[in-house]
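Q: Please take a close look at the ligand and what surrounds it. Then set that part against the rest of the chain.

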Amino acid sequence: MDKALKSVLEWWDAAGVDVPEVRLSTPRRKATPPASQPQSAQKKAAPPTNSPSSKPIMDAAPIAAKAKTLAELKASMDKFDAGALSDAARQCVFARGNPEADLMVIGEAPGRDEDITGKPFVGRSGQLLDKMLASIGLTEDDFYITNVVNWRPPKNRNPTADEIDMCRPFLDRHIELAAPKVLLIVGGVSLSAMTGLTGIMKQRGQWQSVTAAGVEIPALPIYHPAFLLRQPVLKKDAWRDLLALREQLNPTK
Ligand code: URA
């Protein structure tokens, strides 16, 4: 495969866009794998290093359930041993913004800047996200942001399913305590973690319903801003989604 095309596809894959595996897994060497080789063996993905399964981890569920306030939840997460994930990260990245806001934004996982500052979405993609929300009149006082995974995965790789599952009780409790009226699901990883759906290209802009502590919350999947930084042509779709979000938050009578 052409080198540039391969890196574009890999980048899309990392941004949560559904990319047919076969294209990413095209071997660079000339020999084609034997037909009998299972497809999984042809995939490029080596198992992620520092997977939390490499050492026993604490169970987040009883710890999350005990937290009666967001401050307690944060304190218990700061102390939580998330195995190799928290070993590799500088700190737990909890949230930023206004916990009383109607809108809660759910991103994927912290990156380098977030790991350093302890705040989600503060790097380049966070700056774009803030601009996107500002374009419909929302300031940091109008939204509250967290991620499906609260520790930076080593080398900014996507979080694994195990890592997402490990953090899930914290996310559920986080949503329950913040009690937002609307969720904004940012990127393909968050989409599948929150709804079980895959394919952000198809699902963006399609309202979903997420149940947290027995309450159904309307949830809008959008492109990840990191993806929009690489594909600015898609900002027109993002704009449509933002208008739909604004309408949901402030319905015109
Ligand atoms: N991307 C995310 O999904 N979350 C962050 O906090 C930063 C970048």
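A: A polar contact here is a pair of N or O atoms within 3.5 Å; within protein, one atom must be able to donate a hydrogen and the other to accept it, and residues adjacent in sequence count only if both atoms are side-chain atoms. The side chains of Arg204 and Asp241 give an example, with a polar contact of 2.8 Å. Keep in mind that the model is predicted.

Now the ligand. The residues around it are Gly107, Glu108, Ala109, Pro110, Glu114, Pro120, Phe121, Ser125, Asn147 and His224. By class, this shell holds four nonpolar, four polar and two charged residues.

Backbone and side-chain atoms both take part in the short distances to the ligand. A polar backbone atom of Ala109 is 3.1 Å from a ligand nitrogen. Phe121 places a backbone N or O atom 2.9 Å from a ligand oxygen. Asn147 uses its side chain: a polar atom there lies 2.9 Å from a nitrogen atom of the ligand. On its own, the ligand has 230 Å² of accessible area, and the protein covers 93% of this.

Next, a residue that touches this shell. Trp151 sits in the loop between β3 and α9. Its relative accessibility is 3%; buried means under 20%, so Trp151 counts as buried. Pro110, one of the residues around the ligand, is among its contacts. Leaving aside neighbours within four places in sequence, Trp151 also meets Met77, Phe80, Ala82, Leu85, Ser86, Ala89, Gln91, Cys92, Cys167 and Phe170. Glu114, also in the ligand shell, is 37 residues from Trp151 in sequence, and the two C-alpha atoms are 9.1 Å apart.

The loop that holds Trp151 runs between β3 and α9, and Asn156 lies in it too. Asn156 has a positive phi of about 60°, although it is not a glycine. Its relative accessible area is 44%, so Asn156 is partly exposed.

A second positive phi comes in the loop between α9 and β4 (182-186), where Ala179 is placed. Phi of Ala179 is near 50°, and this residue is not a glycine either. Exposed means over 50%; at 53% relative accessibility, Ala179 therefore counts as exposed.

Helix α9 itself leads to the interior. The largest nonpolar core has 61 residues, and Leu103 and Leu133 touch the most other members. Helix α9 (residues 161-178) gives the most to this core, with seven residues. Leu133 touches Leu103, Val105, Leu138, Phe143, Leu184, Leu242 and Leu245, residues up to four places away in sequence not being counted.

Phe143 also has a contact with Asp130. Asp130 is found in helix α8 (residues 124-134). With a relative accessible area of 28%, Asp130 is partly exposed. Arg96 is another of its contacts beyond four places in sequence. Glu140 is 10 residues from Asp130 along the chain, and their C-alpha atoms are separated by 7.8 Å.

Back to Arg204, in the loop between α11 (200-203) and β5 (208-212). Its relative accessible area is 14%, under the 20% cut-off, so Arg204 is buried. Besides Asp241, Arg204 touches Pro221, Ile222, Tyr223, Asp237 and Arg240, again with residues up to four places away not counted.

Helix α13 (residues 235-249) includes Glu247. At 37% relative accessibility, Glu247 counts as partly exposed. Its C-alpha atom is 9.7 Å from that of Ile136, with their positions 111 residues apart along the chain.

Finally, the whole chain. There are 13 helices and six strands. Of the 253 residues, 46% count as buried. Among contacts with a separation of 6 or more, 73% join residues 24 or more positions apart. The accessible surface comes to about 12,900 Å², and carbon and sulfur atoms hold 52% of it.

Notes:
Residues are numbered from 1 along each chain as its sequence is written. This is a predicted model: local features need pLDDT of at least 70, side-chain atom pairs count only at pLDDT 80 or more; totals for chains, interfaces and linings use all residues. Side-chain values use heavy atoms; hydrogens and water are left out. A nonpolar core is a set of buried Ala, Val, Leu, Ile, Met, Phe, Trp, Tyr and Cys residues joined through side-chain atoms within 4.5 Å. Buried means under 20% relative accessible area, exposed over 50%, partly exposed in between (1.4 Å probe, protein chains only). Helices (H or I, at least four residues) and strands (E, at least two) are DSSP runs, numbered from the N terminus. Contact means heavy atoms within 4.5 Å. A residue is near a molecule or strand if one of its heavy atoms lies within 4 Å of it. Accessible areas come from the Shrake-Rupley method with a 1.4 Å probe; for residues, only the protein chains shown count as cover. Ala, Val, Leu, Ile, Met, Phe, Trp, Tyr, Cys and Pro count as nonpolar, Asp, Glu, Lys and Arg as charged, and the others, Gly among them, as polar.
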